[in-house]
Amino acid sequence: MNSPARTAESATISRQISELAQMRAVHAAFAKFAVRENELRRLQIELARIPAPPFGEAARAEWLRGQFRSLGFASVETDAIGNVLAVLPGEDRNLPAIAITAHLDTVFPTDTALQIHEDRDRIYGPGVSDNAAGVVAMLATAWAMIDAQIRCACDVLFIGNVGEEGEGDLRGIRHIFESSPWRDRIGSTVVIDGSGNDAIIGQALGSRRFEVIVRGPGGHSWSDFGQPNPIVAISRIVSRFSQTALPATPKTTLNFGVISGGTSVNSIPEIAQVSIDLRSASMEELERLEDELRGVIQTELPAKGRAGEPAKLSWELRKIGDRPAGELPEDSHILEVIRAVDAHLGIASQMRRASTDANIPISLGREAVTLGAGGTGGGAHTVREWFDPRGRSLALKRILLALLALASADPE
Ligand SMILES: [Zn+2]
(Lines give C-alpha, C1' and ligand atoms only; values in the text may rest on other atoms or scores of the structure.)
Protein backbone atom coordinates (compact mmCIF):
# COMPACT_ATOMS: atom_id res chain seq x y z
CA MET A 1 0.00 0.00 0.00
CA ASN A 2 2.50 2.62 1.19
CA SER A 3 5.22 2.76 -1.42
CA PRO A 4 8.34 4.76 -0.43
CA ALA A 5 7.55 7.31 -3.17
CA ARG A 6 4.07 7.82 -1.84
CA THR A 7 5.26 8.18 1.73
CA ALA A 8 7.73 10.81 0.56
CA GLU A 9 4.97 12.66 -1.30
CA SER A 10 2.72 12.56 1.78
CA ALA A 11 5.52 14.00 3.90
CA THR A 12 6.05 16.82 1.38
CA ILE A 13 2.35 17.65 1.37
CA SER A 14 2.17 17.62 5.18
CA ARG A 15 5.10 20.03 5.32
CA GLN A 16 3.46 22.26 2.72
CA ILE A 17 0.23 22.38 4.77
CA SER A 18 2.06 23.38 7.98
CA GLU A 19 3.95 26.07 6.09
CA LEU A 20 0.76 27.43 4.57
CA ALA A 21 -0.99 27.49 7.94
CA GLN A 22 1.88 29.49 9.39
CA MET A 23 1.77 32.21 6.74
CA ARG A 24 0.73 35.52 8.21
CA ALA A 25 -2.00 36.06 5.61
CA VAL A 26 -3.48 32.62 6.24
CA HIS A 27 -3.39 33.21 9.96
CA ALA A 28 -5.23 36.48 9.47
CA ALA A 29 -7.86 34.73 7.31
CA PHE A 30 -8.34 32.00 9.94
CA ALA A 31 -8.89 34.58 12.67
CA LYS A 32 -11.52 36.40 10.59
CA PHE A 33 -13.67 33.31 10.01
CA ALA A 34 -14.78 33.28 13.64
CA VAL A 35 -15.11 37.06 13.82
CA ARG A 36 -17.38 37.06 10.76
CA GLU A 37 -19.75 34.36 11.98
CA ASN A 38 -22.66 36.77 12.50
CA GLU A 39 -22.27 38.15 9.01
CA LEU A 40 -22.06 34.65 7.49
CA ARG A 41 -25.19 33.67 9.38
CA ARG A 42 -27.02 36.75 8.06
CA LEU A 43 -25.95 35.92 4.48
CA GLN A 44 -27.07 32.31 4.88
CA ILE A 45 -30.55 33.35 6.05
CA GLU A 46 -30.86 35.96 3.30
CA LEU A 47 -29.91 33.38 0.68
CA ALA A 48 -32.23 30.67 2.02
CA ARG A 49 -35.14 33.13 1.67
CA ILE A 50 -34.63 33.33 -2.09
CA PRO A 51 -36.52 30.55 -3.91
CA ALA A 52 -34.34 28.25 -6.03
CA PRO A 53 -36.51 25.37 -7.25
CA PRO A 54 -35.09 23.03 -9.89
CA PHE A 55 -34.73 25.03 -13.13
CA GLY A 56 -35.54 28.27 -11.26
CA GLU A 57 -32.24 29.44 -9.80
CA ALA A 58 -32.05 32.84 -11.55
CA ALA A 59 -32.87 34.97 -8.48
CA ARG A 60 -30.25 33.20 -6.40
CA ALA A 61 -27.73 33.49 -9.21
CA GLU A 62 -28.37 37.25 -9.30
CA TRP A 63 -27.84 37.46 -5.55
CA LEU A 64 -24.54 35.59 -5.86
CA ARG A 65 -23.36 37.87 -8.69
CA GLY A 66 -23.98 40.82 -6.39
CA GLN A 67 -22.02 39.17 -3.57
CA PHE A 68 -19.08 38.35 -5.83
CA ARG A 69 -19.06 41.91 -7.17
CA SER A 70 -19.13 43.45 -3.72
CA LEU A 71 -16.17 41.28 -2.71
CA GLY A 72 -14.26 42.98 -5.50
CA PHE A 73 -13.97 40.28 -8.17
CA ALA A 74 -12.99 41.93 -11.44
CA SER A 75 -14.62 39.23 -13.52
CA VAL A 76 -18.04 37.80 -12.67
CA GLU A 77 -20.09 36.09 -15.33
CA THR A 78 -23.22 33.99 -15.75
CA ASP A 79 -22.76 31.24 -18.32
CA ALA A 80 -25.18 29.86 -20.91
CA ILE A 81 -26.88 27.52 -18.44
CA GLY A 82 -27.07 29.91 -15.46
CA ASN A 83 -23.93 29.07 -13.45
CA VAL A 84 -22.27 32.10 -11.85
CA LEU A 85 -18.48 32.19 -12.16
CA ALA A 86 -15.92 34.46 -10.55
CA VAL A 87 -12.16 34.18 -11.01
CA LEU A 88 -9.26 35.13 -8.76
CA PRO A 89 -6.43 35.30 -11.26
CA GLY A 90 -3.24 33.45 -10.37
CA GLU A 91 0.33 34.42 -11.06
CA ASP A 92 0.55 32.02 -13.97
CA ARG A 93 -2.70 31.86 -15.87
CA ASN A 94 -1.46 28.93 -17.94
CA LEU A 95 -1.47 26.61 -14.95
CA PRO A 96 -4.54 24.42 -14.49
CA ALA A 97 -7.11 26.30 -12.37
CA ILE A 98 -8.59 25.10 -9.08
CA ALA A 99 -12.38 25.21 -8.94
CA ILE A 100 -14.49 25.56 -5.82
CA THR A 101 -18.19 25.11 -6.37
CA ALA A 102 -21.50 24.95 -4.49
CA HIS A 103 -24.93 24.30 -5.93
CA LEU A 104 -27.52 27.08 -5.83
CA ASP A 105 -30.68 25.02 -6.30
CA THR A 106 -32.89 23.34 -3.71
CA VAL A 107 -35.31 20.41 -3.97
CA PHE A 108 -38.26 22.62 -3.01
CA PRO A 109 -40.91 23.61 -5.55
CA THR A 110 -41.71 27.30 -6.15
CA ASP A 111 -44.73 27.34 -3.84
CA THR A 112 -42.78 26.17 -0.77
CA ALA A 113 -42.97 28.74 2.04
CA LEU A 114 -39.39 29.75 2.77
CA GLN A 115 -39.93 30.58 6.41
CA ILE A 116 -36.47 30.75 7.86
CA HIS A 117 -36.35 31.20 11.61
CA GLU A 118 -33.77 31.08 14.35
CA ASP A 119 -33.92 29.37 17.69
CA ARG A 120 -30.85 29.96 19.79
CA ASP A 121 -27.91 28.75 17.67
CA ARG A 122 -29.96 26.88 15.12
CA ILE A 123 -31.33 28.18 11.84
CA TYR A 124 -34.44 26.37 10.60
CA GLY A 125 -35.93 26.28 7.12
CA PRO A 126 -35.88 24.57 3.73
CA GLY A 127 -32.42 24.57 2.16
CA VAL A 128 -30.54 26.22 5.04
CA SER A 129 -27.93 23.44 5.06
CA ASP A 130 -28.33 22.09 1.56
CA ASN A 131 -27.07 24.26 0.15
CA ALA A 132 -27.20 27.78 1.58
CA ALA A 133 -24.43 26.67 3.97
CA GLY A 134 -22.32 25.51 1.00
CA VAL A 135 -22.73 28.74 -0.96
CA VAL A 136 -21.88 30.80 2.12
CA ALA A 137 -18.76 28.68 2.78
CA MET A 138 -17.64 29.31 -0.80
CA LEU A 139 -18.22 33.06 -0.36
CA ALA A 140 -16.39 33.06 2.99
CA THR A 141 -13.39 31.43 1.34
CA ALA A 142 -13.36 34.02 -1.46
CA TRP A 143 -13.77 36.81 1.06
CA ALA A 144 -10.85 35.51 3.14
CA MET A 145 -8.55 35.18 0.13
CA ILE A 146 -9.33 38.65 -1.20
CA ASP A 147 -9.17 40.29 2.19
CA ALA A 148 -5.85 38.74 3.16
CA GLN A 149 -4.54 39.37 -0.38
CA ILE A 150 -3.63 35.73 -0.85
CA ARG A 151 -2.47 35.21 -4.41
CA CYS A 152 -2.15 31.70 -5.76
CA ALA A 153 0.08 30.33 -8.47
CA CYS A 154 -2.94 29.34 -10.55
CA ASP A 155 -6.40 30.80 -11.11
CA VAL A 156 -9.01 29.98 -8.49
CA LEU A 157 -12.47 29.70 -9.98
CA PHE A 158 -15.55 30.13 -7.76
CA ILE A 159 -18.74 28.66 -9.22
CA GLY A 160 -22.31 28.81 -7.96
CA ASN A 161 -23.81 26.04 -10.07
CA VAL A 162 -27.38 25.26 -11.08
CA GLY A 163 -29.33 22.01 -11.30
CA GLU A 164 -27.60 19.71 -8.84
CA GLU A 165 -30.71 18.29 -7.22
CA GLY A 166 -33.20 15.73 -8.55
CA GLU A 167 -34.28 16.30 -12.11
CA GLY A 168 -31.60 19.01 -12.45
CA ASP A 169 -29.39 15.93 -12.90
CA LEU A 170 -26.13 17.84 -12.28
CA ARG A 171 -26.71 19.97 -15.38
CA GLY A 172 -24.73 22.97 -14.09
CA ILE A 173 -21.52 21.09 -13.31
CA ARG A 174 -22.00 18.92 -16.39
CA HIS A 175 -22.00 22.06 -18.52
CA ILE A 176 -18.74 23.22 -16.90
CA PHE A 177 -16.97 19.95 -17.71
CA GLU A 178 -18.63 19.23 -21.05
CA SER A 179 -18.95 22.48 -22.92
CA SER A 180 -17.69 25.53 -21.05
CA PRO A 181 -14.41 27.29 -21.90
CA TRP A 182 -13.19 26.06 -18.47
CA ARG A 183 -13.65 22.44 -19.44
CA ASP A 184 -9.96 21.71 -20.00
CA ARG A 185 -8.60 24.46 -17.76
CA ILE A 186 -9.67 23.04 -14.41
CA GLY A 187 -7.13 20.92 -12.55
CA SER A 188 -8.89 19.89 -9.35
CA THR A 189 -12.34 20.67 -8.02
CA VAL A 190 -13.56 21.12 -4.46
CA VAL A 191 -17.34 20.84 -4.11
CA ILE A 192 -19.02 22.23 -0.98
CA ASP A 193 -22.34 20.60 -0.21
CA GLY A 194 -24.30 20.49 3.05
CA SER A 195 -23.05 20.69 6.61
CA GLY A 196 -20.31 18.88 8.54
CA ASN A 197 -16.57 18.83 8.45
CA ASP A 198 -15.41 15.26 8.79
CA ALA A 199 -16.47 13.58 5.56
CA ILE A 200 -14.47 13.33 2.36
CA ILE A 201 -16.68 12.32 -0.53
CA GLY A 202 -14.27 10.98 -3.10
CA GLN A 203 -16.45 8.16 -4.36
CA ALA A 204 -19.26 9.00 -6.72
CA LEU A 205 -22.51 7.10 -6.33
CA GLY A 206 -24.00 6.60 -9.77
CA SER A 207 -27.69 6.54 -10.54
CA ARG A 208 -30.01 6.13 -13.46
CA ARG A 209 -33.63 7.09 -13.28
CA PHE A 210 -36.39 6.03 -15.58
CA GLU A 211 -40.05 6.43 -16.21
CA VAL A 212 -41.81 3.45 -17.76
CA ILE A 213 -44.94 4.58 -19.54
CA VAL A 214 -47.54 2.14 -20.90
CA ARG A 215 -50.36 3.35 -23.15
CA GLY A 216 -53.44 1.54 -24.46
CA PRO A 217 -56.83 2.14 -26.06
CA GLY A 218 -58.62 2.38 -22.68
CA GLY A 219 -62.39 2.11 -22.48
CA HIS A 220 -65.44 1.39 -20.36
CA SER A 221 -64.88 -1.16 -17.63
CA TRP A 222 -68.02 -3.09 -18.61
CA SER A 223 -68.63 -2.55 -22.30
CA ASP A 224 -64.95 -2.62 -23.34
CA PHE A 225 -64.01 -5.43 -20.99
CA GLY A 226 -61.17 -7.43 -22.52
CA GLN A 227 -59.15 -4.46 -23.72
CA PRO A 228 -55.61 -4.69 -22.29
CA ASN A 229 -55.02 -2.70 -19.15
CA PRO A 230 -51.85 -0.52 -18.76
CA ILE A 231 -52.06 -0.74 -14.94
CA VAL A 232 -51.87 -4.52 -15.11
CA ALA A 233 -48.91 -4.27 -17.49
CA ILE A 234 -47.06 -1.80 -15.25
CA SER A 235 -47.77 -4.01 -12.21
CA ARG A 236 -46.31 -7.03 -13.97
CA ILE A 237 -43.21 -5.05 -14.93
CA VAL A 238 -42.79 -3.85 -11.34
CA SER A 239 -43.30 -7.34 -9.98
CA ARG A 240 -40.84 -8.98 -12.35
CA PHE A 241 -38.15 -6.29 -12.19
CA SER A 242 -38.30 -6.18 -8.38
CA GLN A 243 -37.02 -9.77 -8.38
CA THR A 244 -33.81 -8.82 -10.18
CA ALA A 245 -30.77 -10.01 -8.24
CA LEU A 246 -28.63 -7.14 -6.95
CA PRO A 247 -25.05 -7.53 -5.75
CA ALA A 248 -24.15 -6.52 -2.20
CA THR A 249 -20.75 -5.39 -3.51
CA PRO A 250 -20.58 -3.16 -5.40
CA LYS A 251 -23.65 -1.94 -3.50
CA THR A 252 -26.53 -1.61 -5.92
CA THR A 253 -30.14 -0.66 -5.21
CA LEU A 254 -33.40 -0.19 -7.02
CA ASN A 255 -36.54 1.68 -6.04
CA PHE A 256 -39.99 2.17 -7.52
CA GLY A 257 -40.69 5.72 -6.41
CA VAL A 258 -43.98 6.86 -7.95
CA ILE A 259 -46.69 4.91 -9.69
CA SER A 260 -49.61 6.61 -11.39
CA GLY A 261 -52.22 6.20 -14.08
CA GLY A 262 -55.89 5.64 -14.74
CA THR A 263 -58.96 7.87 -14.89
CA SER A 264 -61.64 6.40 -12.64
CA VAL A 265 -62.64 3.12 -11.03
CA ASN A 266 -64.94 2.21 -13.93
CA SER A 267 -62.53 3.07 -16.77
CA ILE A 268 -59.90 0.90 -18.38
CA PRO A 269 -56.90 3.24 -18.19
CA GLU A 270 -55.30 4.74 -21.28
CA ILE A 271 -52.00 5.27 -19.49
CA ALA A 272 -50.03 4.08 -16.48
CA GLN A 273 -46.50 4.85 -15.42
CA VAL A 274 -43.88 4.10 -12.81
CA SER A 275 -40.64 5.89 -11.96
CA ILE A 276 -37.59 3.83 -11.05
CA ASP A 277 -34.35 4.82 -9.37
CA LEU A 278 -31.30 2.60 -9.89
CA ARG A 279 -28.13 3.29 -7.91
CA SER A 280 -24.76 1.67 -7.83
CA ALA A 281 -21.13 2.20 -7.01
CA SER A 282 -20.43 0.57 -10.38
CA MET A 283 -21.22 1.83 -13.86
CA GLU A 284 -21.31 -1.78 -15.16
CA GLU A 285 -24.08 -2.66 -12.71
CA LEU A 286 -26.10 0.36 -13.83
CA GLU A 287 -25.67 -0.71 -17.47
CA ARG A 288 -26.67 -4.26 -16.63
CA LEU A 289 -29.78 -3.14 -14.72
CA GLU A 290 -30.87 -0.84 -17.52
CA ASP A 291 -30.58 -3.74 -20.02
CA GLU A 292 -32.47 -5.98 -17.63
CA LEU A 293 -35.27 -3.44 -17.24
CA ARG A 294 -35.59 -3.14 -21.01
CA GLY A 295 -35.67 -6.93 -21.25
CA VAL A 296 -38.43 -7.22 -18.64
CA ILE A 297 -40.57 -4.67 -20.49
CA GLN A 298 -40.05 -6.40 -23.82
CA THR A 299 -41.03 -9.75 -22.31
CA GLU A 300 -44.18 -8.35 -20.73
CA LEU A 301 -45.12 -6.20 -23.70
CA PRO A 302 -44.02 -7.82 -26.97
CA ALA A 303 -44.52 -5.68 -30.09
CA LYS A 304 -46.86 -8.29 -31.63
CA GLY A 305 -49.74 -10.24 -30.16
CA ARG A 306 -49.86 -14.05 -30.22
CA ALA A 307 -51.59 -14.15 -33.60
CA GLY A 308 -49.08 -11.68 -35.06
CA GLU A 309 -51.41 -8.66 -34.91
CA PRO A 310 -49.90 -5.39 -33.57
CA ALA A 311 -50.07 -5.19 -29.77
CA LYS A 312 -52.66 -2.86 -28.31
CA LEU A 313 -50.37 -1.65 -25.54
CA SER A 314 -47.35 0.47 -26.37
CA TRP A 315 -44.54 1.42 -24.04
CA GLU A 316 -41.88 4.00 -23.63
CA LEU A 317 -38.80 3.94 -21.42
CA ARG A 318 -37.81 7.51 -20.64
CA LYS A 319 -34.49 8.25 -18.97
CA ILE A 320 -35.06 11.04 -16.44
CA GLY A 321 -31.69 11.01 -14.71
CA ASP A 322 -28.17 9.80 -15.33
CA ARG A 323 -25.41 10.42 -12.82
CA PRO A 324 -22.16 8.65 -13.52
CA ALA A 325 -20.40 6.56 -10.86
CA GLY A 326 -16.68 6.54 -10.25
CA GLU A 327 -14.02 6.84 -7.62
CA LEU A 328 -10.79 8.64 -7.00
CA PRO A 329 -7.68 6.49 -6.94
CA GLU A 330 -6.44 6.01 -3.35
CA ASP A 331 -3.19 7.80 -4.20
CA SER A 332 -4.74 10.80 -5.95
CA HIS A 333 -3.15 14.13 -5.12
CA ILE A 334 -6.39 15.72 -3.93
CA LEU A 335 -6.98 12.95 -1.37
CA GLU A 336 -3.41 13.26 -0.09
CA VAL A 337 -3.98 16.99 0.32
CA ILE A 338 -7.29 16.67 2.18
CA ARG A 339 -5.91 13.98 4.45
CA ALA A 340 -2.89 16.13 5.28
CA VAL A 341 -5.15 19.15 5.97
CA ASP A 342 -7.33 17.01 8.23
CA ALA A 343 -4.30 15.68 10.09
CA HIS A 344 -3.08 19.25 10.56
CA LEU A 345 -6.45 20.46 11.89
CA GLY A 346 -7.04 17.37 14.02
CA ILE A 347 -10.11 16.27 12.01
CA ALA A 348 -10.78 12.51 12.03
CA SER A 349 -12.24 12.34 8.56
CA GLN A 350 -13.94 9.47 6.82
CA MET A 351 -14.16 8.60 3.16
CA ARG A 352 -17.73 8.40 1.89
CA ARG A 353 -19.66 7.64 -1.25
CA ALA A 354 -22.46 9.96 -2.33
CA SER A 355 -24.09 11.53 -5.34
CA THR A 356 -22.86 15.13 -5.66
CA ASP A 357 -21.49 17.55 -8.22
CA ALA A 358 -18.15 15.72 -7.86
CA ASN A 359 -19.67 12.76 -9.77
CA ILE A 360 -19.06 14.54 -13.06
CA PRO A 361 -15.34 15.35 -12.76
CA ILE A 362 -14.59 12.05 -10.96
CA SER A 363 -16.30 10.03 -13.68
CA LEU A 364 -14.17 11.86 -16.25
CA GLY A 365 -11.00 10.83 -14.42
CA ARG A 366 -10.48 14.33 -13.01
CA GLU A 367 -9.61 15.02 -9.37
CA ALA A 368 -12.53 16.23 -7.24
CA VAL A 369 -13.90 15.83 -3.72
CA THR A 370 -16.97 17.03 -1.90
CA LEU A 371 -16.56 18.56 1.55
CA GLY A 372 -19.08 19.91 4.06
CA ALA A 373 -19.62 23.57 4.90
CA GLY A 374 -19.10 22.96 8.63
CA GLY A 375 -21.45 23.14 11.58
CA THR A 376 -24.09 20.44 11.89
CA GLY A 377 -27.37 19.95 10.12
CA GLY A 378 -30.35 17.69 9.70
CA GLY A 379 -33.69 17.19 8.02
CA ALA A 380 -32.16 17.63 4.56
CA HIS A 381 -34.71 17.77 1.73
CA THR A 382 -37.58 18.44 4.18
CA VAL A 383 -39.13 21.72 5.30
CA ARG A 384 -37.85 20.89 8.80
CA GLU A 385 -34.25 21.26 7.66
CA TRP A 386 -31.88 22.92 10.17
CA PHE A 387 -28.33 24.11 10.46
CA ASP A 388 -26.28 24.80 13.56
CA PRO A 389 -23.22 26.88 12.68
CA ARG A 390 -21.21 26.10 15.80
CA GLY A 391 -17.80 24.98 14.61
CA ARG A 392 -18.28 26.40 11.13
CA SER A 393 -14.90 28.10 11.17
CA LEU A 394 -13.09 24.76 11.40
CA ALA A 395 -14.59 23.70 8.07
CA LEU A 396 -13.74 27.08 6.53
CA LYS A 397 -10.11 26.65 7.60
CA ARG A 398 -10.16 23.16 6.12
CA ILE A 399 -11.53 24.40 2.79
CA LEU A 400 -9.13 27.34 2.59
CA LEU A 401 -6.06 25.25 3.42
CA ALA A 402 -7.05 22.59 0.89
CA LEU A 403 -7.58 25.18 -1.84
CA LEU A 404 -4.29 26.90 -1.17
CA ALA A 405 -2.39 23.62 -1.13
CA LEU A 406 -4.01 22.52 -4.39
CA ALA A 407 -3.50 25.91 -5.99
CA SER A 408 0.20 26.00 -5.30
CA ALA A 409 0.84 22.34 -5.99
CA ASP A 410 3.17 21.44 -8.79
CA PRO A 411 1.28 20.99 -12.03
CA GLU A 412 1.54 17.45 -13.30
ZN1 LIG B 1 -26.79 19.42 -1.89
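Q: In strand S14, which residue is the bridge partner of Val212?
A: In this predicted model, strand S9 covers residues 206-215 and runs antiparallel to S14, with nine bridges joining the two. Val212 has its bridge partner in S14. That partner is Leu317.

Q: In what order do the strands of the open sheet lie?
A: Four strands form this open sheet, and their pairing is antiparallel. The edges are S11 (252-261) and S14 (314-323), each of which pairs on one side only. From one strand to the next, the twist averages 15 degrees. Read across, the order is S11-S13-S9-S14.

Q: Which strands does helix H7 touch as it packs on the sheet?
A: Helix H7 spans residues 230-241, and its direction makes about 15 degrees with that of S13 (271-280). As it packs on the sheet, H7 touches S9, S11 and S13.

Q: At about what angle to S9 does helix H8 run?
A: Helix H8 takes in residues 283-300. H8 lies across S9, S11, S13 and S14. Its angle to S9 is about 10 degrees.

Q: Why is strand S3 largely enclosed by the rest of the structure?
A: Let's look at both sides of the strand. Ala97, Ala99, Thr101 and His103 point one way, Ile98, Ile100 and Ala102 point the other way, and all are buried. In a regular strand, side chains alternate between the two faces of the sheet. S3 (residues 97-103) is therefore largely enclosed, as the number of its residues that are buried is seven of the seven.

Q: Which residues of S7 and S6 are the bridge partners of Ile98?
A: S3 runs parallel to S7 (residues 186-192), joined to it by five bridges. S3 also pairs in the parallel sense with S6 (residues 156-161), over six bridges. For Ile98, the partner in S7 is Ser188, and the partner in S6 is Val156.

Q: How are helices H4 and H5 oriented to each other?
A: Two packed helices are described by the angle between their axes and the distance between the axes. Here the axes of H4 (residues 58-71) and H5 (residues 128-147) come within 10 Å and cross at roughly 15 degrees. Angles under 35 degrees count as roughly parallel. H4 is therefore, with respect to H5, roughly parallel.

Q: How many nonpolar residues are in the contact of H4 with H5?
A: H4 contributes Leu64, Gln67 and Leu71, while H5 contributes Val135, Leu139, Ala142, Trp143 and Ile146. By class, one residue is polar and no residue is charged. The nonpolar count is seven.

Q: Are H9 and H11 oblique or roughly parallel to each other?
A: H9 (residues 333-345) and H11 (residues 392-408) have axes 9 Å apart and pack at an angle of about 140 degrees. H9 passes H11 in a right-handed crossing. By their angle, the two helices are therefore oblique.

Q: How many charged residues are in the contact of H9 with H11?
A: On H9 the contact is made by Ile334, Val337, Ile338, Val341 and Leu345, and on H11 by Leu394, Lys397, Arg398, Leu401, Ala402, Ala405 and Leu406. Ten of these residues are nonpolar and no residue is polar. The charged count is two.

Q: How many helices and strands does the chain have?
A: Buried residues make up 44% of the 412 residues in the chain, and its C-alpha trace spans about 85 × 50 × 35 Å along its principal axes. The secondary structure comes to eleven helices and 19 strands.

Definitions and conventions: Residues are numbered from 1 along each chain as its sequence is written. This is a predicted model: local features need pLDDT of at least 70, side-chain atom pairs count only at pLDDT 80 or more; totals for chains, interfaces and linings use all residues. Axes are lines fitted to C-alpha atoms, for helices over the stretch in contact, and angles run from 0 to 180 degrees between N-to-C directions. Angles under 35 degrees count as roughly parallel, over 145 as roughly antiparallel, 65 to 115 as roughly perpendicular and the rest as oblique. A crossing is left-handed if the near helix is turned anticlockwise from the far one by less than a right angle, and right-handed if clockwise. Two residues are in contact if their C-beta atoms, placed from the backbone, lie within 7 Å. Ala, Val, Leu, Ile, Met, Phe, Trp, Tyr, Cys and Pro count as nonpolar, Asp, Glu, Lys and Arg as charged, and the others, Gly among them, as polar. Two strands pair if DSSP finds at least two bridges between them. A residue is buried if 20 or more other C-beta atoms lie within 10 Å of its own, exposed if 12 or fewer, and partly exposed in between; C-beta atoms are placed from the backbone.
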